Structure formats: structure tokens, C-alpha cells
Amino acid sequence: MARKKNRMSTEVNAGSMADIAFLLLIFFLVTTTIASDKGILNILPPKLDPNNPPPKIDLNERNIFTILLNANDQLLVEGEFRESPEGLDEDVKAFIMNFGSPDEEGIALYNSLPASVKALAARNPDSSDDPGEAVVSIKTDRGTSYDKYLEVFDLTKKAYFDIYAQRVNLSTDEYRALTGKNDAETSLQDRGKEGIPMAISIAEPNKIGGN
Amino acid sequence: MAKFGKKTKADVNIPTSALPDIIFMLLFFFMVTTVLREQEILVEQKIPAATQLQKLQKKTLISYIFIGKPKNTALYGTEPRVQANDALLNTPDIVQWVNQERDLLPEADRGLITISMKADRDVKMGPISDVQTELREADARRILYASIGKVQK
């Protein structure tokens with residue numbers, strides 16, 4: 001038997017495989033940017049059909065909480081001048097949950113609320129009849145800064161979310177974090193907003209202070 | 001001179017002890033030089049802060065629209081402009097853009113398209129509402145005012 005020649009080893013050195021893997025790992029860790037998709041959700045009204053105008057609904061003035069923002073970023077809230085939107089969320093909350101003269105549904109809704117939310121009902125005859133009727137209207141000028149508008153919109157949303165969260169015994173942040181990805185979350189979400197629609201109306205801006 | 005006798009066969013193993021260093025050198029090289037192809041933002045973006053932020057479940061449904069003062073004021077002027085994808089759009093073109101974006105989505109999700117409005121905080125409400133009007137026209141009514149978290153007092 002002839003002596004077998006000692007060939008060069010054909011095995012690939014795999015010792016540095018781990019290094020290569022780490023290299024890739026670190027590369028992707030470093031280069032992946034996670035886009036932040038956070039923001040304030042708003043649903044715009046459907047477009048106006050000139051042939052089929054929406055039915056005119058007469059709302060009582062007391063059921064509309066008007067917030068006007070002018071081109072100097074000053075506020076007029078329910079006819080009162082304000083320099084800053086601070087505290088607006090409390091006013092909106094008081095307005096929504098006023099229960100001035102609720103109809104049957106409103107009374108049923110009121111009775112279903114936990115005590116902490118019931119306490120908000122001031123039963124002021126000059127404020128909203130019941131949460132189903134209440135509308136918050138935000139009107140700006142074209143010259144109003146987006147920043148200020150968003151601040152006001154944010155506070156209005158906060159008022160609603162505070163109420164929803166209080167109803168289901170969560171903190172506002174916890175309620176907002178619900179995404180409805182499972183049934184439990186969806187039912188919590190629905191229980192929070194049932195009967196209290198988030199009625200925020202964004203009016204067409206005035207042509208003042210902008211183009 | 002026996003000491004200079006026939007040498008034994010040369011060692012065929014390549015020394016690999018320096019391999020990690022080489023790998024790290026490569027890593028650092030790529031770290032420094034790689035620029036991921038991101039959308040080049042042509043308008044200023046100082047995203048406003050807000051507290052009531054929500055996250056959307058499905059990121060694929062989101063299309064981004066950027067509003068702000070152009071960075072290249074010599075070319076595009078100082079008035080706020082709208083950017084979608086890689087180019088500046090005129091307001092009337094938004095409808096077409098929305099329809100293109102919507103066509104990229106699976107059929108079942110088309111109604112749920114969400115426009116994330118990344119608007120600069122210095123923009124006035126005029127351009128914003130013009131964009132909103134166009135979005136209503138295009139029937140893309142779910143919009144997200146992109147904002148960053150505000151530190152709660």
C-alpha cells in the first residue's frame with residue numbers, strides 16, 4: 001500500500017464565522033432607523049358634493065364649544081378672550097360632560113358612568129345638553145401657526161381621552177396606548193367611548209393673516 | 001554547517017489571530033461610510049410637540065407628506081411647500097399622489113390609507129388647510145399630525 005500523500009487541509013476555517021455574524025448584526029443594528037410614526041390622529045370630514053349637500057343640522061348654540069384662534073395665536077373660547085390655551089382641556093371636559101338636559105339615552109349614559117366621571121356633570125343649562133350632542137368647534141385663521149393649532153387640538157383630544165380613560169379606570173396614557181389588536185383591548189376602547197363621540201369640528205379657516 | 005540543514009516543510013496554516021482586527025476595521029469602515037438611501041427631505045422639519053400621541057398599528061398604511069419652508073430657498077422660494085416622496089408637489093397634485101400611494105396598497109386596505117402630515121411648526125394654517133382640503137378631495141381622510149412627545153409638566 002502506497003503511502004498516502006499528506007494533502008493540504010481542504011477544510012475552511014470557520015473560527016471567524018462568529019465574527020462575521022457579529023459584524024452583520026452590528027451593521028444592521030447601527031443602520032436601522034426606526035421611524036417614529038407617532039402623532040395625533042384626525043379624521044377629516046368627507047368631501048363636499050355640490051349636488052348633494054349634507055343635511056343642515058341645527059345645533060343649539062349651547063351644544064357647541066367654539067374655540068377661535070386668530071392670526072396672532074390668541075384665543076377666543078366661548079366668547080372669552082384668552083392669551084394661552086392652558087386649562088382648555090378642563091373646560092372642554094366640563095362642557096362635554098355637562099348633562100344640561102339629557103334625553104333618555106343621555107340619562108342612561110349618565111347612570112352608567114363611574115362616580116368620578118359623574119362628578120364632572122355640572123348640569124349648567126347654558127352648556128351642552130348631553131355628550132352625544134356636544135361638539136367642539138375649532139376655527140383658525142390662515143395666519144394661525146400650526147404649532148398653536150396643534151396645541152389646541154391636542155388639548156381637546158386630551159379632554160376626550162381623559163374622559164374615556166376615566167370611564168374604564170385606566171390612566172390617559174394607558175388608554176391611548178390601546179391599539180385594539182386583541183378583543184380585550186377593543187372592548188376596553190369601545191367601552192371608553194361608547195355614547196361619547198369625539199366630535200371635534202375643524203372649520204375652514206378665515207382668510208386673515210396668510211395666503 | 002549542520003544548522004543550515006534541510007528545512008522542515010513550511011507551515012501551511014495562515015495565522016488568523018489578526019482576523020478580528022480586520023473584521024472590525026471593515027465594520028468601522030462601513031459604519032462610517034454607509035448612508036442608507038433615505039428620503040431626502042427638501043423642506044424644513046421642526047416637528048411640533050404634543051401630548052396625546054397615538055401609534056398606528058399598521059405602518060404599511062401610512063404615507064408621508066412633508067410641509068415646510070424649502071431648505072433651498074434660492075430654488076424654491078420661502079413660501080411653505082409640500083413634499084411627497086422625493087419631490088416637491090404643487091397643492092393640486094396631491095390628489096394624484098394620494099391615488100398613486102393608494103394603488104400600492106392591497107385592495108382591502110385602500111380605504112384605510114393614513115397620511116402622516118409632517119409639518120414644520122412654523123407653517124401657518126393656510127397651507128395646512130389647503131392640503132387637508134386636497135386630502136378630502138382624494139378621500140384620504142385619516143390623517144396623522146406627526147408630532148413628538150412633549151414633556152409633561
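Two residues are in contact if their C-beta atoms, placed from the backbone, lie within 7 Å. The model shown in these views is predicted.

**View 1. Contact between chain A and chain B.** By that criterion, 43 residues of chain A are in contact with 44 residues of chain B. On the side of chain A that touches chain B, at least two residues each come from α1 (17-31), β1 and α5 (146-167) of chain A. The most is given by α5(A), with 8 residues. Sorted by residue type, this side of chain A has 17 nonpolar, 13 polar and 13 charged residues.

**View 2. An open sheet with strands from both chains.** The sheet has 7 strands and mixed pairing, in the order β2(B)-β1(A)-β7(B)-β6(B)-β3(B)-β4(B)-β5(B). At its edges stand β2 (54-55) and β5 (87-89) of chain B; each has a single partner strand, so one side of each is left without a neighbour in the sheet.

**View 3. The pairing of β1(A) with β7(B).** Strand β1 (residues 38-43) of chain A and strand β7 (residues 142-146) of chain B run antiparallel and are joined by 5 bridges. Among the residues involved, Gly39(A) has Ala146(B) as its bridge partner in β7(B), and Leu41(A) is partnered in that strand by Leu144(B).

**View 4. Helix α4 of chain B on the sheet.** β7 of chain B, which is joined by bridges to β1 of chain A, is also touched by a helix of chain B. This helix, α4 (residues 125-137), packs on the sheet and also touches β3 (62-68), β4 (81-84) and β6 (114-119) of chain B. The direction of α4 makes about 150° with that of β3(B).

Methods: Residues numbered from 1 in each chain as written. Chains lettered and ligands numbered in written order. Predicted model: local features only at pLDDT ≥ 70, side-chain atom pairs only at ≥ 80, totals over all residues. Pairing = 2+ DSSP bridges. Helix = DSSP H or I, 4+ residues; strand = E, 2+ residues; numbered from the N terminus. Axes fitted to C-alpha atoms, helices over the stretch in contact; angles between N-to-C directions. Nonpolar A, V, L, I, M, F, W, Y, C, P; charged D, E, K, R; others polar.
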